[in-house]
There are 2 protein chains.
Amino acid sequence: MQDILFDFISKYVSLTEEEQNVIASLDIFRSVKKGTILLKEGQKSQEEYFILQGCIRKYYIIDGEEKTTAFFTEMEVLTPHCVKNNAPSEYFISCVEDTILTVTNPDMGVEINSKFPKFELMCRILAEELLAKQQITFDEFKTSSPEQRYLNLLQARPDLIQRVPQHQLASFLGIKPPSLSRLRARILEKNKV
Amino acid sequence: MQDILFDFISKYVSLTEEEQNVIASLDIFRSVKKGTILLKEGQKSQEEYFILQGCIRKYYIIDGEEKTTAFFTEMEVLTPHCVKNNAPSEYFISCVEDTILTVTNPDMGVEINSKFPKFELMCRILAEELLAKQQITFDEFKTSSPEQRYLNLLQARPDLIQRVPQHQLASFLGIKPPSLSRLRARILEKNKV
DNA sequence: TTCATTTCTTATCTTAAGTGAACGAGTTAA
DNA sequence: TTAACTCGTTCACTTAAGATAAGAAATGAA
């Protein structure tokens, strides 16, 4: 199970056996049931997540309505905003599926960084990489119609469309469930002809 | 002029006089006329920008149509995606106004980082900060209607609405110019009653 | 100043998304 | 088994955005 974590890390820095042992001894792995809420609006938290298996989602409740803005699946990292600014969270995080993840906090990061400076490097590379990816994703979202966004998603993360409830997917695409239904019908119609 | 740069840096790390002198001697300041294109689609570039005064914008040309996805103004940093992946750029960058900016490249960064390790730290903090800000902005965009997005922008960056042409603003908001006009008329109408 | 160009708004029509309600399928609980 | 619930889809209707064209206002150059 923790091999997934080491695979991920090895994309950025290489670890000695000793370093691997230190990490393995940290007891950061947690298993959570589908539907579990990891973070609530208004709550303060210092927990950062790395998904080993499963899927979690981030959503706001605005005017009593859930607005899903992101999904995180295998090999993805989520540091809630409230960890950075130490303020109450504006959003929720919950498990879409039974999920296995690591739970860490910034203090542990500091400790590991002081023992193994290469982690500092990894963090910077990771942050820059995420930032770049995020910017491309944002641009793509802005420059596309809902229908195009759905088609893009079908290309980029086809698994999501299978594993996530439609109403969450709709709000992730910035539309309402009926619109998603019609949009899919429209696409099917086009492909028939 | 370079005081603006030092003000910016001092938000993250403090510089000795010697360090300031090294930076001042680098000859990185450039003045560019409104309309100048700093980066073209298809072009490779290693230039990173920091705006001291003025405004630049990032836009794609999709189906012959300009799609503006970001504006950068005073005290903001822009590292084009192509600098990171050394691939041809997918987008353009041009000056909305006469602009004064610094132009640097990653090699200079490496050199400065080796002389003054505190810059490494600044880069990581900056990347993380930008990432966090970007995520909030993205969430806000996704969870809002065009009208709400316009109102948000009016709050967050009122200057932009004055200094940027309407058709660029429209595409930045993810809509077409006529829609922006109507939307503004709608808002005025509501406020009258 | 005048003319041409660009920029912004307005109007019309078309298309698609929002809303509320209804329906059926599948699930859960009594 | 039935009743209640959730979820996805569909329908009818409303609202707003896209496409296009035309007109008004601002800008720049001769």
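This passage describes two protein chains, their contact and the surfaces near two DNA strands. The model is predicted; local features need pLDDT of at least 70, side-chain atom pairs count only at pLDDT 80 or more, and totals for chains, interfaces and linings use all residues. Residues are numbered from 1 along each chain as its sequence is written, while chains are lettered from A and ligands numbered from 1 in the order in which they are written.

Chain A holds 9 helices and 8 strands. Helices (H or I, at least four residues) and strands (E, at least two) are DSSP runs, numbered from the N terminus. The C-alpha trace of chain A spans about 60 × 35 × 30 Å along its principal axes. Chain A has 193 residues, and 21% of them count as buried. A buried residue has 20 or more other C-beta atoms, placed from the backbone, within 10 Å of its own.

In chain B, 4 strands form an open antiparallel sheet in the order S1-S8-S3-S6. Two strands pair if DSSP finds at least two bridges between them. Strand S1 (29-32) and strand S6 (77-78) of chain B stand at the edges with a single partner strand each, so one side of each has no neighbour in the sheet. Strand S3 (residues 48-53) of chain B runs antiparallel to S6(B), joined by 2 bridges. Tyr49(B) stands opposite Leu78(B) in S6(B).

The contact between the chains takes 21 residues from chain A and 21 residues from chain B. Residues are in contact if their C-beta atoms, placed from the backbone, lie within 7 Å. On the side of chain A that touches chain B, strand S4 (55-62), strand S5 (65-73), helix H3 (81-85) and helix H5 (118-142) each give two or more residues. H5(A) gives the most, with 13 residues. This side of chain A divides into 9 nonpolar, 6 polar and 6 charged residues. Ala, Val, Leu, Ile, Met, Phe, Trp, Tyr, Cys and Pro count as nonpolar, Asp, Glu, Lys and Arg as charged, and the others, Gly among them, as polar.

DNA strand D is surrounded by 17 residues; among the closest are Pro165(A), Gln166(A) and Ile175(B). A residue is near a strand if its C-beta atom, placed from the backbone, lies within 6 Å of it. H9(A) provides the largest share of this surface, 5 residues. The surface near DNA strand D comprises 9 nonpolar, 5 polar and 3 charged residues.

Around DNA strand C lie 16 residues, the closest including Ser179(A), Pro165(B) and Gln166(B). Helix H6 (146-156) and H9 of chain A, with helix H8 (166-172) and H9 of chain B, each give two or more residues to this surface. The surface near DNA strand C divides into 8 nonpolar, 5 polar and 3 charged residues.

Definitions and conventions. Buried ≥ 20, exposed ≤ 12 C-beta atoms within 10 Å, placed from the backbone.
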